[in-house]
Amino acid sequence: QLHTRDPGEVAVVLLNESEDGMLFKKDFDRCLRQLIPFKQLNEGGLDQGAIQELSQVYSAFYYAFERHENMGADVNELAAGFSLLCAGNKSEKLAHAWEL
């Protein structure tokens with residue numbers, strides 16, 4: 001579902017949930033629920049198993065940006081990385097990432 005979202009829109013959601021430039025896992029999960037509502041996943045034809053796998057992929061994505069366990073991830077780095085999953089061509093995504 002993120003492939004239909006504008007990178008700037010996704011960044012705003014992540015930035016709004018951050019504290020002092022850091023985004024913690026619980027806040028990241030809340031962002032995902034805003035960006036990809038559960039109802040939307042069910043309507044998209046995903047069964048419970050596929051939804052769990054998708055959740056694990058997003059968790060792994062988050063943990064790739066968390067440098068120290070339970071210390072949060074830099075929200076700008078995470079938003080830049082997340083922009084690659086959003087709508088737009090490569091040039092637009094790179095430009096957005098540099099703006100962060």
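Aromatic pairing in this predicted model amounts to 6 pairs of rings. One of them joins Phe28 and Tyr62, whose ring centres are 5.2 Å apart and whose planes meet at 35°, so the pair is classed as tilted, since that class takes in planes that are neither under 30 degrees apart nor over 60. This pair connects distant parts of the chain, with Phe28 in helix H2 and Tyr62 in helix H4 (residues 48-65), 34 residues apart. Both Phe28 and Tyr62 are buried. Another tilted pair is made by Phe61 and Phe65, with 5.3 Å from centre to centre and 45° between the planes. Here the two partners, Phe61 and Phe65, both belong to helix H4 and are 4 residues apart, which is about one turn of the helix. A single aromatic cluster is formed by Phe28, Tyr58, Phe61, Tyr62, Tyr63, Phe65 and Phe82.

**Phe28 and its surroundings**

Phe28, a residue of helix H2, has a relative accessible area of 0% and is therefore buried, the limit for that class being under 20%. When neighbours within four places in sequence are set aside, Phe28 is in contact with Leu14, Leu23, Tyr58, Tyr62, Leu78 and Phe82. Two of these contacts, Tyr58 and Phe82, are also members of the aromatic cluster that contains Phe28. As for separation along the chain and in space, Phe28 and Ala80 are 52 residues apart in sequence, while their C-alpha atoms are 14 Å apart.

**Helix H2 and its packing against H1**

The buried residues of H2 are Lys25, Asp27, Phe28, Cys31, Leu32 and Leu35. These residues cover an arc of only 160° around the axis, so they are on the same side of H2. Lys26 and Arg33, by contrast, are exposed on the other side of H2.

Helix H1 (residues 7-17) packs with helix H2 (residues 25-35) at an angle of about 145°, and the axes of the two helices are 9 Å apart. The crossing in which H1 passes H2 is right-handed. From H1, the residues Val10, Val13, Leu14 and Glu17 take part in the contact, and they meet Asp27, Phe28, Arg30, Cys31, Gln34 and Leu35 of H2. Sorted by class, this contact of H1 with H2 holds 6 nonpolar residues, 1 polar residue and 3 charged residues. Phe28 thus appears both in the contact with H1 and among the buried residues of H2.

**Helix H5**

In helix H5 (residues 75-82), the residues Val75, Leu78, Ala79, Gly81 and Phe82 are buried. Viewed down the axis of H5, its buried residues fall within an arc of 165°, so they line one face of the helix. The elements that cover the buried residues of H5 include H1, S1, H2, H4 and S2.

**Residues in the loops**

Four loop residues are set side by side below, each with its place in the chain and its relative accessible area.

| Residue | Loop | Relative accessible area | Class |
|---|---|---|---|
| Asp20 | between H1 and strand S1 (22-23) | 82% | exposed |
| Gly21 | between H1 and S1 | 32% | partly exposed |
| Ile36 | between H2 and helix H3 (38-43) | 9% | buried |
| Asn70 | between H4 and strand S2 (73-74) | 61% | exposed |

Asp20 has a phi near 55°, a positive value in a residue other than glycine. Asn70 likewise has a positive phi, near 60°, and is also a residue other than glycine.

Gly21, leaving aside neighbours within four places in sequence, is in contact with Ala73, Asp74 and Val75. Of these, Val75 is one of the buried residues of helix H5. In addition, Gly21 and Gly72 are 51 residues apart in sequence, with 9.2 Å between their C-alpha atoms.

Ile36, at a relative accessible area of 9%, is buried because this value falls under 20%. Not counting residues up to four places away in sequence, Ile36 touches Gln1, Leu2, Leu41 and Tyr58. Tyr58 is in turn a member of the aromatic cluster and one of the contacts of Phe28. The C-alpha atoms of Ile36 and Gln56 are separated by 14 Å, the two residues being 20 residues apart along the chain.

Terms used
Residues numbered from 1 in each chain as written. Predicted model: local features only at pLDDT ≥ 70, side-chain atom pairs only at ≥ 80, totals over all residues. Heavy atoms only, no water. Axes fitted to C-alpha atoms, helices over the stretch in contact; angles between N-to-C directions. Left-handed = near helix turned anticlockwise from the far one by under 90°. Contact = heavy atoms within 4.5 Å. Nonpolar A, V, L, I, M, F, W, Y, C, P; charged D, E, K, R; others polar. Phe/Tyr/Trp six-rings, centres within 6.5 Å; stacked < 30°, edge-to-face > 60°. Buried < 20%, exposed > 50% of the residue type's maximum accessible area, 1.4 Å probe, protein only. Arc of directions from axis to C-beta.
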